[in-house]
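Please find below my notes on this model, set out as numbered points for a colleague who will want to check each one against the coordinates.

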Amino acid sequence: MTNKIVPLTINEIGAKGDGVALHDGAPVYVPKTAPGDVIEAAIKGERGTLQKIVSPSFTRVPAPCPYFAKCGGCSLQHVTPEFYRAWKIAKVKTALTRAGVEPATWGEPVFLPAATRRRTTMTAIKTNRGITLGYNEGRSHNVLNIERCLVLDPALEKKTQELRPYLPRLMGDAKNCDVTLQYVGGAFDMVLTGRLQKRGRFSFEQDEALGEIAEKLDIARISYREKDFRPPEIILARKPVVKKFGELNVTLPPATFLQASEEGEQALTALVMNYAQGGSKFLDLFSGCGTFSGPLLALGPVTSIDGDGPAIQTLAQSKHPGLTAQWRDLFKNPLKETELDGFDTVIFDPPRAGAAAQVPFLASSETRRIIGVSCNPASFARDARTLLDGGYKLQSLTLVDQFVWSAHVEITGLFVKI
């Protein structure tokens, strides 16, 4: 099927941030378009590529980033702030309505500013013309050279660009690699992913480049893995990477998961702590390294459970007297009702897929208060429906937008036993 250029009128923005139009009675999804735009698009199947804006919508504004038209990162820089906020709220409400879920009260939405993201992964491509460092173009394997990213914390953005001169030596004979940088507690943590080594070793020139990166750019720790999803191996550590979560000081493992921004973490933690008031014994499911466990220790003892071995291990090593940390795969081996006895408050913050295996046991438990945190309104709505069917009420729900200019959104809800 070949592309063809057709006129379209964008009717709405879909759940993934693309504009939606109708062509021959079928939906066509066109990125970087706004409701009311009259456009010409090259379409193939249900996907469209913007060719020309014939008549712009009143909701359209100039995107602040010069890379926006091509970059596959942000999807919603081109609409007014008013429309952007209304769309994110509507996305959450639509997902809940489809599941027949309605909170008793809506908390005031929290919209965070740009330039707050503390983690990024960029791809480096080495050619005869030099180094390309950036993000994939939309729906493409092509890497767009990015010299400034508006969503990153300024200190993190500066550090990504300072890496450029070292990459030719660091990459050696490799044609590409991924560079992940996380800025936490004033320290920079770097993970390299790709086939950079030969016969399991870096060359002398690569070792020199690594040493210079660490010292001259003040990188606290550098780790390496050949492929994604493999545990990174620390190859150079100048100082520990430590994160404070309430009463806990946790030495983070490489490539650990944190909330996307410090500001987002603070907003979500404030909501969880507010919902948890009156509790005395807490169970933190999908706890990670202790984002919520640490602050909750101020209210009472906490049991933290996660299937991420390094995260739970480092949490256990904090040795706080009120904390119990356990490894457990909650997708394959969820806690049963009898194991939930004794906890008056349960927090669950699962990955995007949600907690479908665990939630039925929560729904049939006698736990007085359940706090759900999610970055996926659809899976949250599904899990909420299960809790409601089990005799819970969604007392309150609040939106936190820490994924600025993307289609993603975080939500936190309080369920109480009726």
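The points that follow concern a predicted model, and they take up a sheet, a helix packed on it, an aromatic pair, a cavity and a pocket.

1. The sheet is open and is formed by seven strands, whose order is E11-E10-E9-E12-E13-E14-E15 and whose pairing is mixed. Strand E11 (143–145) and strand E15 (233–237) each have a single partner strand and stand at the edges, so one side of each is left without a neighbour in the sheet. From one strand to the next, the twist averages 35 degrees.

2. Within this sheet, strand E9 (residues 119–127) and strand E10 (residues 130–136) run antiparallel and are joined by five bridges. As a point of reference for the register, lysine 126 stands opposite isoleucine 131 in E10.

3. Helix H4 (residues 204–216) lies across three strands, namely E13 (187–193), E14 (221–225) and E15, and the helix runs at about 60 degrees to E15.

4. The count of aromatic pairs comes to four. One of them joins phenylalanine 202 and tyrosine 224, with 5.2 Å centre to centre and 70 degrees between the planes, and this pair is edge-to-face. Phenylalanine 202 belongs to the loop between E13 and H4, whereas tyrosine 224 belongs to strand E14, so the contact of the two rings ties together parts that are 22 residues apart in sequence.

5. How many cavities of 30 Å³ or more does a search of the whole structure find? The search finds one, and the space in the largest cavity is about 30 Å³. Its lining consists of Thr120, Met122, Leu133, Thr160, Leu163, Val179 and Leu181, with E9 and strand E12 (176–184) each supplying at least two residues. By class, the lining of this cavity divides into five nonpolar and two polar residues, with no charged ones.

6. The second largest pocket holds about 500 Å³ of space. Of the 21 residues that line this pocket, Gly14, Ala15, Lys16, Lys91 and Arg98 lie nearest its centre. Two or more lining residues come from each of strand E2 (12–13), helix H1 (81–98) and helix H10 (377–389), and H1 gives the most, with six residues. The lining of the second largest pocket comprises twelve nonpolar, four polar and five charged residues, whereas the lining of the largest cavity has no charged residues.

Key: Residues are numbered from 1 along each chain as its sequence is written. This is a predicted model: local features need pLDDT of at least 70, side-chain atom pairs count only at pLDDT 80 or more; totals for chains, interfaces and linings use all residues. Side-chain values use heavy atoms; hydrogens and water are left out. Two strands pair if DSSP finds at least two bridges between them. Helices (H or I, at least four residues) and strands (E, at least two) are DSSP runs, numbered from the N terminus. Axes are lines fitted to C-alpha atoms, for helices over the stretch in contact, and angles run from 0 to 180 degrees between N-to-C directions. Contact means heavy atoms within 4.5 Å. On a 1 Å grid over the protein atoms alone, a cavity is a set of points where a 1.4 Å probe fits but cannot get out, and a pocket is an open set with protein on both sides within 12 Å along at least five of seven lines; lining residues have an atom within 4 Å of a point. Grid points are joined across faces, edges and corners, and a volume is the space filled by probe spheres set on the points. Ala, Val, Leu, Ile, Met, Phe, Trp, Tyr, Cys and Pro count as nonpolar, Asp, Glu, Lys and Arg as charged, and the others, Gly among them, as polar. Rings of Phe, Tyr and Trp (its six-membered ring) pair if their centres lie within 6.5 Å; planes under 30 degrees apart count as stacked, over 60 as edge-to-face and the rest as tilted.
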